Amino acid sequence: MAKYFDVHPDNPQPRSIHQVVDLIRADGLIAYPTDSCFALGCRMGSKDALDRIRAIRHLDDRHHFTLLCHDFAQLGQFVTVNNALFRAVKASTPGPYTFILPATKEVPRRLLHPKKKTVGVRITSHSTAQAILAELGEPLVSSTLLLPGELEPMTQGWEIKEALDHVIDAVIDSGECGTEPTTVIDLSEGTPEILRVGAGDPDRFMPSGV
């Protein structure tokens, strides 16, 4: 049965954040809020939790997982960004964007696209997610909480607990956080390719914006 944490959206309670991070470090899988919508999250080294994300969302091995990073300095440890795109990426973080970029050796192989050796990265502005990342000290492996057959992610913490109580370890509820996932931009080839239009404005990554 998943634990339920009711967390203040602007000033997350340190005790609750500490308990959530303890669960993550014990290979737990959480549902948590971001600045776009709810997501599933686990630590990078947890194969069991990653397998559960794949099972919940019916994902194949070509799916790009996302590393949710605390700040731009941390993001730079796990992907490489060429000079031409650096400014545009930095100016868009934190925000509702996910960037597909070449991974460094710090990223576990199981998280990489099998052919491209790329991974998604993003920085959220959501206070609760930021508090979790600060306490954890490493990125969260993240995937939008969009269930198979559904058109929109779930928005209510109690609804998530009811649906996934038997397969996740915790639900972190800071109130509704939207239904629109991030805009996904593939920068791995040097030229921006918009893979999904979501909450972030993609125009800044068109040739005239870069």
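Biologist: What makes the pairing of the backbone nitrogen of glycine 175 with the side chain of aspartate 173 a polar contact?

Modeller: The model is a predicted one, and the values are computed from it. A polar atom of the side chain of aspartate 173 lies 2.8 Å from the backbone nitrogen of glycine 175. The cut-off for such a pair is 3.5 Å, so the distance qualifies as a polar contact.

Biologist: Which side chain of opposite charge is nearest to aspartate 173, and why is the pair not called a salt bridge?

Modeller: The nearest is lysine 161, at 11 Å. A salt bridge requires a nitrogen and an oxygen within 4 Å, so this pair does not count. Aspartate 173, which belongs to strand β8, is thus buried without a salt bridge. Beyond its sequence neighbours up to four places away, aspartate 173 touches Tyr4, Phe5, Asp6, Val7, Phe38, Gly157 and Trp158.

Biologist: How many salt bridges does a search of the whole structure find?

Modeller: The search finds seven. One of them joins lysine 47 to aspartate 51.

Biologist: Why is the pair of lysine 47 and aspartate 51 called a salt bridge?

Modeller: The closest N and O atoms of lysine 47 and aspartate 51 are 2.9 Å apart. The limit is 4 Å, so the name applies. The two residues are four places apart in helix α2, which separates them by about one helical turn. An α-helix has 3.6 residues a turn, so residues three or four places apart point the same way.

Biologist: Are lysine 47 and aspartate 51 buried, exposed or partly exposed, and what values show this?

Modeller: Lysine 47 has a relative accessibility of 47%, and aspartate 51 has 35%. Partly exposed covers values between 20% and 50%, so both residues receive that label.

Biologist: What makes Asp48, Arg52 and Asp169 one network?

Modeller: Arginine 52 meets aspartate 48 in a salt bridge at 3.2 Å, and these two residues lie four places apart in helix α2. Arginine 52 also forms a salt bridge with aspartate 169, with the closest N and O atoms 3.0 Å apart. Aspartate 169 is in the loop between α6 and β8, so this pair ties together parts that are 117 residues apart in sequence. Salt bridges that share partners thereby join Asp48, Arg52 and Asp169.

Biologist: Why is there no disulfide between cysteine 37 and cysteine 177?

Modeller: A disulfide is a covalent bond between the sulfur atoms of two cysteines. The sulfur of cysteine 37 is 6.4 Å from that of cysteine 177, its closest cysteine sulfur. The rule asks for 2.5 Å or under, so the pair is too far apart for a bond. By this rule the count of disulfides is zero.

Biologist: Why do cysteine 37 and cysteine 177 count as buried?

Modeller: Their relative accessibilities are 2% for cysteine 37 and 11% for cysteine 177. Buried means under 20%, so both fulfil the condition.

Biologist: Why is phenylalanine 99 called buried?

Modeller: The relative accessible area of phenylalanine 99 is 0%, and the cut-off is 20%, so the residue is buried. Phenylalanine 99 is found in strand β5. Among its contacts beyond four places in sequence are Val89, Val121, Ile185 and Phe205.

Biologist: Which residues touch the most other members of the largest nonpolar core?

Modeller: Leu40, Leu67, Phe99, Leu145, Ile160 and Ile168 do so, in a core of 43 residues. Helix α2 gives the largest share of this core, four residues. A second, separate core holds 18 residues, including Val7, Ile17, Val21 and Leu140.

Biologist: What is the value of phi at aspartate 27, and in which loop is this residue placed?

Modeller: Phi of aspartate 27 is near 70°, a positive value in a residue other than glycine. Aspartate 27 is in the loop between α1 and β2. Lysine 117 likewise has a positive phi, near 60°, and its place is in the loop between β5 and β6.

Biologist: Which peptide bond is cis, and what is its omega?

Modeller: The bond from threonine 93 to proline 94 is cis, with omega near -5°. Proline 94 is in the loop between α4 and β5.

Key:
Residues numbered from 1 in each chain as written. Predicted model: local features only at pLDDT ≥ 70, side-chain atom pairs only at ≥ 80, totals over all residues. Heavy atoms only, no water. Buried < 20%, exposed > 50% of the residue type's maximum accessible area, 1.4 Å probe, protein only. Core = buried A, V, L, I, M, F, W, Y, C linked by side-chain atoms within 4.5 Å. Lys, Arg positive; Asp, Glu negative; His and termini not counted. Polar contact = N/O pair within 3.5 Å; in protein donor to acceptor, adjacent residues only side chain to side chain. Contact = heavy atoms within 4.5 Å.
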